[in-house]
Amino acid sequence: MKNYFYLPAWYLKNVAGKQHKPLQTVLFLTDYCNLKCRHCTQDGHAGTTMKPWRQIEEELRFSYAQGSRFLDLEGGEPTLWRDGSLGINDVIRLAKEIGFFSVTVTTNGQKPFGYLKADSIWVSVDGYKKVHDLIRGEGAFAKLDKNISESGHPAVSINMAVNNLNWKSVRDVVRYAKQHPGIRSVSVNFHTPYPGTENLMPDKETKNRVIDLLITMKRAGYPIMNSVSGLNQMRGKGSSEYCWITNFILTDGSRLSSCPGKLMGVCENCGFSMSGEMRSVVHFKPDTLLAGLKLRM
Ligand SMILES: C[S@@+](CC[C@H](N)C(=O)[O-])C[C@H]1O[C@@H](n2cnc3c(N)ncnc32)[C@H](O)[C@@H]1O
């Protein structure tokens, strides 16, 4: 219940007021990864760092003290994180003890993940079957499909990053999400042109075609997590106006009060749905508020 009171209070202080403290934290645990995806930055799978447990504890307490109550664990591949006998479930348990309302994990689904104690799990699916494998490597789709089927976790969703290689597969991915009994919903982002991956960014016309398709499919009852208002926000230029709602703590320990994309100068071409969804939330778009509550509560 306290969660429901916290949100309006946070809104009044930070959006109506001018405090600008985060509500959500993206915490990178490691840059080790078991895939090398074509759209990912080199840093995303550098394989140099497993963050020490003590550092993670400090970073969680810091973010909580800032006001953050929702945590996303990221990487690299966050499920590979270890410190001695400690694994990712110990991080999740600690976050809950500190007081985070919910913890999510984003994974490539290459290993079984049903053991995860996260409130929700996002499996990255960047195309249907061969299209996914083109981006993430031969056999990657079959593995994630098997692991989703066997996970038994009640809150598994999938996450697609749409780029020039996979945009024609969006319809099939959304259908896959609907017909798979182990998948709750699909969230769609567009490629953000991190240095070295600029050629994968879809042009405006392609983006708009995909957005039109998603809105049509959502209205037809497909389980698309993006709100219609959030999708429409993504038609125009990206904006970092509300990105302070999420703080980021990177693998090297850098504490950023907003997305690392800002440092790379890519905000204008940002493809992350959260940017549009956050703008819609602060403008009180009812469909976005509903989607946000469904996702987080
Ligand atoms: C960097 S991965 C790390 C977590 C995990 N290894 C995985 O593959 O899901 C997190 C998410 O970011 C997405 N992503 C990576 N590079 C991106 C880009 N340039 N634009 C948009 N999304 C991107 C991935 O598709 C994935 O869903």
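Domain bounds here come from an automatic or database domain assignment. The model itself is predicted. Its assignment gives two domains. Domain 1 covers 1-107 + 240-270, and domain 2 covers 115-225. Domain 1 is thus written as two segments of the chain, 1-107 and 240-270.

Start with how the domains sit against each other. Their centres, taken over C-alpha atoms, are 21 Å apart. The contact involves residues on both sides: 23 from domain 1 and 27 from domain 2. About 2,200 Å² is buried between the two domains. Carbon and sulfur atoms give 60% of that area. On the domain 1 side, three residues stand out: Arg-38, His-39 and Thr-107. They supply 29% of the area that domain 1 buries against domain 2, more than any other three residues.

Now turn to the ligand. Where does the ligand lie relative to domain 1 and domain 2? Both domains give residues to the shell around the ligand, so it lies between them. The shell holds 19 residues. Those that come nearest are His-39, Gly-76, Ser-124, Arg-136 and Thr-192. His-39 therefore appears twice, as one of the three residues named for the domain 1 interface area and among those nearest the ligand, with nearness judged by a heavy atom within 4 Å.

What is the make-up of the shell by class? It has 10 polar, 5 nonpolar and 4 charged residues.

Several polar atoms approach the ligand. A polar side-chain atom of Arg-136 lies 2.9 Å from a ligand oxygen. Thr-107 uses its backbone: an N or O atom there is 3.4 Å from an oxygen atom of the ligand. His-191 faces a nitrogen atom of the ligand instead, with a side-chain N or O atom 3.4 Å away.

How much of the ligand does the protein bury? Taken alone, the ligand exposes 550 Å², and the protein buries 91% of that. Three strands each give two or more residues to the shell. They are strand 2 (70-75), strand 5 (102-107) and strand 7 (156-162). Thr-107, whose backbone approaches a ligand oxygen, is the end residue of strand 5 (102-107).

Conventions. Residues numbered from 1 in each chain as written. Predicted model: local features only at pLDDT ≥ 70, side-chain atom pairs only at ≥ 80, totals over all residues. Heavy atoms only, no water. Polar contact = N/O pair within 3.5 Å; in protein donor to acceptor, adjacent residues only side chain to side chain. Areas by Shrake-Rupley, 256 points an atom, 1.4 Å probe, with all protein chains shown as cover. Helix = DSSP H or I, 4+ residues; strand = E, 2+ residues; numbered from the N terminus. Nonpolar A, V, L, I, M, F, W, Y, C, P; charged D, E, K, R; others polar. Contact = heavy atoms within 4.5 Å. Buried area = accessible area lost by both parts, 1.4 Å probe.
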